[in-house]
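Student: Can we go through the ring contacts in this model, and then one of the polar side chains?

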Amino acid sequence: MRKPNFYASVYWIIKNTDWDILFAKRGSHASWFVWRYQIPAGHIDWWETIFEALQREMKEELTIDILEKNTNLSHTVHRRFEDWREYFDFYFEINKYDWEIKIWEIDKCSDLVFKSADKISDINLLKHDKIAIYNINNGLLFSELHIKDSEY
């Protein structure tokens, strides 16, 4: 039997004053599902803590500096793909910020939009992000997915 490849990612949920959630449109140099929307995210490197990865990725992608006291781990997703990849995704809600949000990696992100949780069907959002938002809104801390790329 083939052993799975494990990966871990951090996601940051930023809401504006109307409680709409920030979504990023994947750019032309994104590694998969180009032109789909997602909650902004990044991979955890092997030497990092989860929070260190969150800080680094937010700085790299949106030029944002964040303090740990202004975050809240709100959901975790375990995803399995048919090609033996498995992900552990950690969703953080950003409780307080006072910075301007702007795209820094323009090759990986082509647009930023705010949408309310009940209007996410209006955008082509990645499946695991839809499930995470639904579960966060319903007070669930954990979800699991076993999906085929074609179902995404």
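Tutor: Ring pairs come up here before a threonine and a phenylalanine.
This is a predicted model, in which local features need pLDDT of at least 70, side-chain atom pairs count only at pLDDT 80 or more, and totals for chains, interfaces and linings use all residues. Residues are numbered from 1 along each chain as its sequence is written, and side-chain values use heavy atoms, leaving out hydrogens and water.

Student: How many aromatic pairs are there?

Tutor: The count comes to five. Rings of Phe, Tyr and Trp (its six-membered ring) pair if their centres lie within 6.5 Å; planes under 30 degrees apart are stacked, over 60 edge-to-face, and the rest tilted.

Student: Why is the Phe 6 and Phe 88 pair stacked?

Tutor: The two ring centres are 6.0 Å apart and the planes of Phe 6 and Phe 88 meet at 20°, so the pair counts as stacked.

Student: Where do Phe 6 and Phe 88 sit in the chain?

Tutor: Phe 6 is in strand S1 (residues 5-13) and Phe 88 in strand S6 (residues 85-94), so the pair links parts of the chain 82 residues apart. Strands (E, at least two residues) and helices (H or I, at least four) are DSSP runs, numbered from the N terminus.

Student: And what about Phe 81 and Tyr 87?

Tutor: Their ring centres are 6.3 Å apart and their planes at 75°, so that pair is edge-to-face. Tyr 7 joins Phe 81 and Tyr 87 in one aromatic cluster.

Student: Are Phe 81 and Tyr 87 buried or exposed?

Tutor: Both Phe 81 and Tyr 87 are buried, meaning under 20% relative accessible area, where exposed is over 50% and partly exposed in between (1.4 Å probe, protein chains only). Phe 88 is partly exposed at 30%.

Student: Which charged end sits over the ring of Tyr 87?

Tutor: That of Arg 79, 4.3 Å from the ring centre. Arg 85 has its charged end over the ring of Phe 81, 4.1 Å from the centre. The rule is NZ of Lys or CZ of Arg within 6 Å of the ring centre and within 35 degrees of the ring normal.

Student: New topic. Is Thr 71 buried or exposed?

Tutor: Thr 71 is buried, with a relative accessible area of 14%, and lies in strand S5 (residues 71-81).

Student: What does Thr 71 contact?

Tutor: Leaving aside neighbours within four places in sequence, its contacts (heavy atoms within 4.5 Å) include Phe 51, Leu 54 and Phe 92. Phe 51 belongs to helix H1 (residues 50-62) and is buried at 12%.
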